[in-house]
Amino acid sequence: KEKYAAGVSFNSPYLFGSKWDSNWEGKYISQESSLKSHFIQPTFSVKISEKFGVGAGLIYAFGKSEITKAVPVESSTTQFGIENLKGKGDGIGFNIGTFIKMDEKITFAVAYRSKIKIEMKDGEATFSDIPSLQQTVFPSSTTYSTSVKLPAVISLAASYAVTKKVKMQFEINYTGWSVYDSLTYVFPYQYTDLNNDSDLRKYKNTAAIRIGGEWHPIKLIALRAGASYDQ
């Protein structure tokens, strides 16, 4: 049997967005926001023995974000201004894992995916509904930079072959969301007053527990079902 294997995956592990009423209490933090990230992950593995194997690879991550929020300035025609920030960037990470086959029925696996910082440079910032006296502080358009920290994940999994056709699986994922503590925006020197523009996030680490089963009624078909609890 082959001792070495290689593969590549493409996935989007972190996609989220929120939209609030434009005049809600937290409008100066966010009215609408979104983050889209995509991972290209080539991985190489080695089977050390019939019961033990290891693998590792690189992760190229790229994504984009957008946030719209109110600006605390008031004019005769509007109660607040509008700030819109769009950016995109990329970053590098890694993944490692190991596979252990205890016997013909029981297997274990451990995998770790590193945290990744996506650097966003030359983002586009626009300000609208700004009174003329405030436009030197809030320009109609400028650039900015920031970085988005995507969390590390460690996964522990086990499977048990009940019969030749039925297999049960159990998995725990622990995600280090605390790394996503804030979003800090850096603007050009002529708009240094905007550099106080920072969103505190204060995310906490979370765990997810998953259990499932797989049934092969015939050789070419596998049916799967499961349930999960995710914080």
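Which strands each supply at least two residues of the lining of the largest pocket? In this predicted model, the strands that do so are β3 (32–49), β4 (52–71), β5 (81–101), β6 (106–113), β9 (153–161), β10 (166–175) and β13. The space within the largest pocket comes to about 660 Å³, and its lining is made up of 31 residues, among which A111, Y112, R113, S155 and E171 are the closest to the centre. By class, the lining of the largest pocket comprises 13 nonpolar, 13 polar and five charged residues.

The second largest pocket has a volume of about 240 Å³. Its lining is formed by 14 residues, of which S18, S30, S33, R201 and Y203 are the closest to the centre of the pocket. Two or more residues of this lining come from each of the elements β2 (15–19) and β12 (198–200), and the most are given by β2, which supplies three residues. The lining of the second largest pocket divides into eight nonpolar, four polar and two charged residues.

The chain as a whole contains zero helices and 14 strands, so that its elements, read from the N terminus on, run β-β-β-β-β-β-β-β-β-β-β-β-β-β. The radius of gyration of the chain is 24 Å, well over the 17 Å that the globule rule gives for 231 residues, and the chain is therefore more spread out than a compact globule. Taken along the principal axes, the box filled by the C-alpha atoms of the chain is roughly 75 × 30 × 30 Å. Of the 231 residues in the chain, 33% are buried. Where contacts join residues at least 6 apart in sequence, 63% of them are between residues at least 24 apart.

Two of the strands that contribute to the lining of the largest pocket, β10 and β13, can be examined through one residue in each. N173 is placed in strand β10, whereas T206 is placed in strand β13, which spans residues 206–218. N173 has a relative accessible area of 9% and is therefore buried, the limit for that class being under 20%. T206, with a relative accessible area of 18%, is likewise buried because this value also falls under 20%. When neighbours within four places in sequence are left aside, the contacts of N173 are V153, I154, S155, T206, A207, A208 and R210. One of these contacts, S155, is also listed among the residues closest to the centre of the largest pocket. On the same basis of excluding residues up to four places away in sequence, T206 touches N173, Y174, T175, W177 and Q231. For a separation within the chain, the C-alpha atoms of N173 and A56, which are 117 residues apart along the chain, are separated by 18 Å.

Charged pairs were also considered. Side chains of opposite charge can pair when their charged atoms come close. A search of the whole structure finds four salt bridges, and three are described here, including the pair formed by the side chains of E214 and R224, for which the N to O distance is 2.5 Å. Because E214 lies in strand β13 and R224 in strand β14 (residues 221–230), this pair ties together parts that are 10 residues apart in sequence. The partners sit in contrasting surroundings, since E214 is buried at 9% relative accessibility, whereas R224 is exposed, with a relative accessible area of 66%.

A further salt bridge is formed between the side chains of K47 and E50, with an N to O distance of 3.7 Å. In this pair, K47 counts as partly exposed at 26% relative accessibility, while E50 counts as exposed at 55%, a value that is over the 50% limit for that class. The side chains of K101 and E104 also meet in a salt bridge, with an N to O distance of 3.7 Å. Here K101 is partly exposed, at 26% relative accessibility, and E104 is exposed, with a relative accessible area of 66%.

Technical notes. Residues numbered from 1 in each chain as written. Predicted model: local features only at pLDDT ≥ 70, side-chain atom pairs only at ≥ 80, totals over all residues. Heavy atoms only, no water. Helix = DSSP H or I, 4+ residues; strand = E, 2+ residues; numbered from the N terminus. Buried < 20%, exposed > 50% of the residue type's maximum accessible area, 1.4 Å probe, protein only. Contact = heavy atoms within 4.5 Å. 1 Å grid on protein atoms, 1.4 Å probe; cavity = no way out; pocket = protein on both sides within 12 Å on 5 of 7 lines; lining within 4 Å. Points joined across faces, edges and corners; volume = space filled by probe spheres on them. Nonpolar A, V, L, I, M, F, W, Y, C, P; charged D, E, K, R; others polar. Rg over C-alpha atoms; globule rule 2.2 N^0.38 Å.
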